[in-house]
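User: I would like to learn how to read the features of a protein model one at a time, with the general idea before the particular case. Could we work through one together?

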Amino acid sequence: MVRDPGRPLRADAQRNREKILSAAVRVFAEEGLDAHLERIAKEAGVGAGTLYRNFPTRELLIEAAYRNELARLCDAAPELLAALPPREAMRAWLGRFMDYANAKLGMADALRGVVASGVNPYAQSHEMIQDALSRLMDAAVTAGVIRSDISATDMFAALTGIALASGKPEQREQADRLLDLTLDGLSAGSRQ
C-alpha cells in the first residue's frame, strides 16, 4: 500500500521518512543511480516495505532526497538568524550550503537519471536559495557587518564557484578558507 501524500504522517512515520531521505543522500552520493534501495532501507534502519510505501519509485526517492536537502538548507536561514548574530548566522549557513552542494554533487548521476525521466528536481531551487541568502545578507547589512553593494545573486555565484572548485568532502578545509575569505571581502569597510 502506497502512502497517501495528502495525509499527515505520524511522528514515528515522519522520523522513518527523514532517516530514509538522509540515508538516500549518502548512498546515492556513494553509488550513483545504481544504488540498491534495499541498502538505503538498511542504512535507514527501516524495512524495504517502509521505503517503498513512502517512495514507490527510485526517481521519487531521489527527487525527495534532493528536495529535502534543499529545504533543510533554506529553512536553516531564519533558524540561524534567530539563534546567532547576523555575521555568525551567515557563516554557519555558508557551511551548510557547502554540505548541500556536496550532497548535490555526490548525487549528480542519480539526479541526471531523474531529469532524464522527465522530472525537474531543481524547479524553484535557485529562487529558494536566493531567498534564504537574501534574508541572511539583509540582516547582516542592517546590522552593519557586511557591505550593502553586493547582491544575493553575486554571493550565490561566488558560492557556486567555491562549491565547484572545492566541493568534494576531502576539500572541505579549502572550501572553509574560501568561504571565510569571501565573507571577509563582504565585511563592512572592506571596500577601499
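User: Which helices each supply at least two residues of the lining of the largest cavity?

Analyst: The general idea comes first: rolling a probe the size of a water molecule over the atoms shows where empty space is left. In this model, which is a predicted one, helix H5 (86–106) and helix H9 (172–186) each supply at least two residues of that lining. The structure holds one cavity of 30 Å³ or more, and the volume of the largest cavity is about 40 Å³.

User: Which residues line the largest cavity, and how do they divide into nonpolar, polar and charged?

Analyst: The lining consists of Met98, Asn102, Ser166, Gly167, Lys168, Pro169, Arg172 and Ala175. By residue class, three of the lining residues are nonpolar, three are polar and two are charged.

User: Before we go further inside, what does the secondary structure of the protein chain come to?

Analyst: The protein chain has nine helices and zero strands, and its pattern along the sequence is accordingly written α-α-α-α-α-α-α-α-α. The C-alpha trace spans about 60 × 35 × 30 Å along its principal axes. Of the contacts with a separation of 6 or more, 68% are between residues 24 or more positions apart, and buried residues make up 39% of the 192 residues.

User: How should I read the largest nonpolar core, and which residues have the most contacts inside it?

Analyst: In soluble globular proteins, nonpolar side chains tend to be buried together. Here the largest nonpolar core has 56 residues, and those with the most contacts inside it are Phe28, Ile40, Leu61, Met90, Trp93, Phe97 and Ile129. Several helices each supply at least two residues of this core, including helix H1 (11–31), helix H4 (58–83), H5 and helix H7 (125–142), and H4 gives the most, with eleven residues. To take one core residue in detail, Trp93 touches Leu73, Ala76, Ala77, Leu80, Ile129, Ala132, Leu133, Leu136 and Leu159, when residues up to four places away in sequence are not counted.

User: How many aromatic pairs does the structure hold, and how is such a pair read?

Analyst: A pair of aromatic rings is described by the distance of the centres and the angle of the planes. The structure holds five aromatic pairs. One of them, formed by Tyr66 and Tyr122, is edge-to-face, with 5.3 Å from centre to centre and 80 degrees between the planes. This pair links distant parts of the chain, since Tyr66 is in helix H4 and Tyr122 is in the loop between H6 and H7, 56 residues apart. Tyr66 is buried, with a relative accessible area of 1%, whereas Tyr122 is partly exposed, with a relative accessible area of 30%.

User: Why is the pair of Phe97 and Tyr100 called tilted?

Analyst: Their ring centres are 5.8 Å apart and their planes meet at 55 degrees, so the pair counts as tilted. Phe97 and Tyr100 are separated by about one helical turn because they are three residues apart in helix H5, and both Phe97 and Tyr100 are buried. Tyr66, Trp93, Phe97, Tyr100, Tyr122 and Phe156 form one aromatic cluster, which brings the two pairs just discussed into a single picture.

User: Is Leu181 buried or exposed?

Analyst: Leu181, which lies in helix H9, counts as exposed because its relative accessibility is 58%, and the cut-off for that class is over 50%. The C-alpha atoms of Leu181 and Ala41 are separated by 40 Å, with their positions 140 residues apart along the chain.

Key:
Residues are numbered from 1 along each chain as its sequence is written. This is a predicted model: local features need pLDDT of at least 70, side-chain atom pairs count only at pLDDT 80 or more; totals for chains, interfaces and linings use all residues. Side-chain values use heavy atoms; hydrogens and water are left out. On a 1 Å grid over the protein atoms alone, a cavity is a set of points where a 1.4 Å probe fits but cannot get out, and a pocket is an open set with protein on both sides within 12 Å along at least five of seven lines; lining residues have an atom within 4 Å of a point. Grid points are joined across faces, edges and corners, and a volume is the space filled by probe spheres set on the points. Helices (H or I, at least four residues) and strands (E, at least two) are DSSP runs, numbered from the N terminus. Ala, Val, Leu, Ile, Met, Phe, Trp, Tyr, Cys and Pro count as nonpolar, Asp, Glu, Lys and Arg as charged, and the others, Gly among them, as polar. A nonpolar core is a set of buried Ala, Val, Leu, Ile, Met, Phe, Trp, Tyr and Cys residues joined through side-chain atoms within 4.5 Å. Buried means under 20% relative accessible area, exposed over 50%, partly exposed in between (1.4 Å probe, protein chains only). Contact means heavy atoms within 4.5 Å. Rings of Phe, Tyr and Trp (its six-membered ring) pair if their centres lie within 6.5 Å; planes under 30 degrees apart count as stacked, over 60 as edge-to-face and the rest as tilted.
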